[in-house]
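User: I would like to go through this model strand by strand and then look at its cysteines. Please explain each term as it comes up.

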Amino acid sequence: MRSVLRATWMIAASILAVSVVSAQAQLTPPSTAGAKPKPVTTIPIRPALQKPEDTANAMAQAERLALQSDLAWVGEYNGAITGDVSERLVASIKAFQKSRGGRESGVLNPQERGTLADTAKRRQENVGWKIVSDPGTGVRLGIPTKLVPQQSSDANGAKWTSPTGTIQIQLARRKEANPTTAKLAEREKKEANRTVDYTVVKPDFFVLSGLQGLKKFYLRGTFKGDEVRILTILYDQATENTVEPVVIAMSSAFNAFPSAAQAAGPPPRKTVEYATGVVVSDDGAIITDRQIIDGCLAVTIAGFGNADRVAEDKDHDLALLRIYGARGLKALNLANAASKTALDLTGIADPQNQGGNSAVTGLKASVAQLGGNSDIALSPPPALGFSGSAALDSDGKFAGIALLKPVLVAGPASTTPGAQAVLVTSDTVRDFLKANGVNATGASTDAKASVVRVICVRK
């Protein structure tokens, strides 16, 4: 099976040149004041260049996983998504840079990283990528829900199919005495109408791919005790450009025997969570992160009291709150759209990150471009509590609202995903407010005076 995905990340290293003036040129005796000066000798010193693998090694594990996952989704990385640094990863970064007409350095600058993350996110959304647990087997796997919306299951496994049957995903389980991956692979090779052109057999799993009838197939299997579990993906050859990046993601996300905690899914939400809100009108309208206030018994604005939830935008994860009877609110000026991609985020960190204080602070971040109604990848992600913070450029013009989001990596389902950030653009924010009758005519250009702490309290 044709390889399908490649990898990404990091900030380009600067090359410094240092010139050293010779001691002879620096010393001029008084007796030669009128003489012709001697030429200055410069000696260039070339520091060792930072290698791409050095940069990648310096990244946190969650960042490397997200990088590999994003490269896989854009079709530039075709290895296992483990967070490990390899020549394949560096080559994938260079391939991505080449495809965008950039310099093939093997190290991504912030703009390239933002473009990569944004492109990968759109492709995940296009196929409806979700990590799910099969209730019959407990297997954790990634499913492109928009490609295969039809699902059925029984005691022996589950099946997801496209409406026309061009794409099929099959999860099978069976009992087998004394299995080994080598024996399992040989048995699967002998299935009817199956021609295998790629085989990997490891002690704990095996992979086969090739043709099954007129369809391409990809199969990954493993066992525990006498329980065998196999994931098979079948797809028409006409769909391979769409399906093959998903195949790599599914293979890496396949967790046939998750622990009890993994099978149960993500941990429950915290009893108390914190976000930042931006005052957008003098009469008490506040915009914040919809996900943070999801499922709250009460939403409180620190220093002002309880807030009502007025509206939400699920596509962009914005929520509109309102407090009543508050005085002295300073609504942020949203009219002047930012034009620079280097941004200042103004927010309030989670109390656990600032010793229980509620100080308004600032952080630096950047995006690859501005404008439009699509969320844009923001780098680096801000601290907890900053989700919902105001983003302004260096001229004080409004760029949008910064939100923290979980990364849906294509890597192992047993791996805790990192966090990424997006900028909900100023156009999207203004459209959302206008649709909900908010007259955002604030005049404040002081973001520190226009942000508040949002506190969500659950059961």
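User: Which residue in β11 does Ile169 stand opposite?

Analyst: This is a predicted model, in which local features need pLDDT of at least 70 and side-chain atom pairs count only at pLDDT 80 or more, while totals for chains, interfaces and linings use all residues. Residues are numbered from 1 along each chain as its sequence is written, and side-chain values use heavy atoms, with hydrogens and water left out. Strands are DSSP runs of E with at least two residues, helices are runs of H or I with at least four, and both are numbered from the N terminus; two strands pair if DSSP finds at least two bridges between them. Strands β7 and β11 run antiparallel and are joined by nine bridges, and the residue that Ile169 stands opposite in β11 is Ile233.

User: What is the bridge partner of Trp160 in β7?

Analyst: Strand β6 (residues 157-161) is joined to β7 by five bridges, the two running antiparallel. They form a hairpin with five residues between them, and Gly165 in the turn has a positive phi of about 80°. The bridge partner of Trp160 in β7 is Ile169.

User: What is the order of the strands in the open sheet of seven?

Analyst: The pairing in this sheet is antiparallel, and its edge strands, each pairing on one side only, are β5 (150-154) and β8 (194-201). From one strand to the next the twist averages 15°, where axes are lines fitted to C-alpha atoms, for helices over the stretch in contact, and angles run from 0 to 180 degrees between N-to-C directions. The order is β5-β6-β7-β11-β10-β9-β8.

User: At about what angle does helix α7 run to β11?

Analyst: Helix α7 (residues 240-253) lies across β7 (167-175), β10 and β11, contact meaning heavy atoms within 4.5 Å. Its angle to β11 is about 165°.

User: Why is the disulfide of Cys296 and Cys456 left-handed?

Analyst: A disulfide here is a pair of cysteine sulfur atoms within 2.5 Å, and a search of the whole structure finds one, with the sulfur atoms of Cys296 and Cys456 1.8 Å apart. The disulfide is left-handed because the torsion about the S-S bond is about -110°.

User: How many residues apart in sequence are the parts that this pair ties together?

Analyst: Both cysteines are buried (under 20% relative accessible area with a 1.4 Å probe, protein chains only; exposed is over 50% and partly exposed in between), with 6% for Cys296 and 0% for Cys456. Cys296 lies in the loop between β13 (285-289) and β14 (298-301), and Cys456 in strand β24 (residues 451-457), so the parts tied together are apart in sequence by 160 residues.
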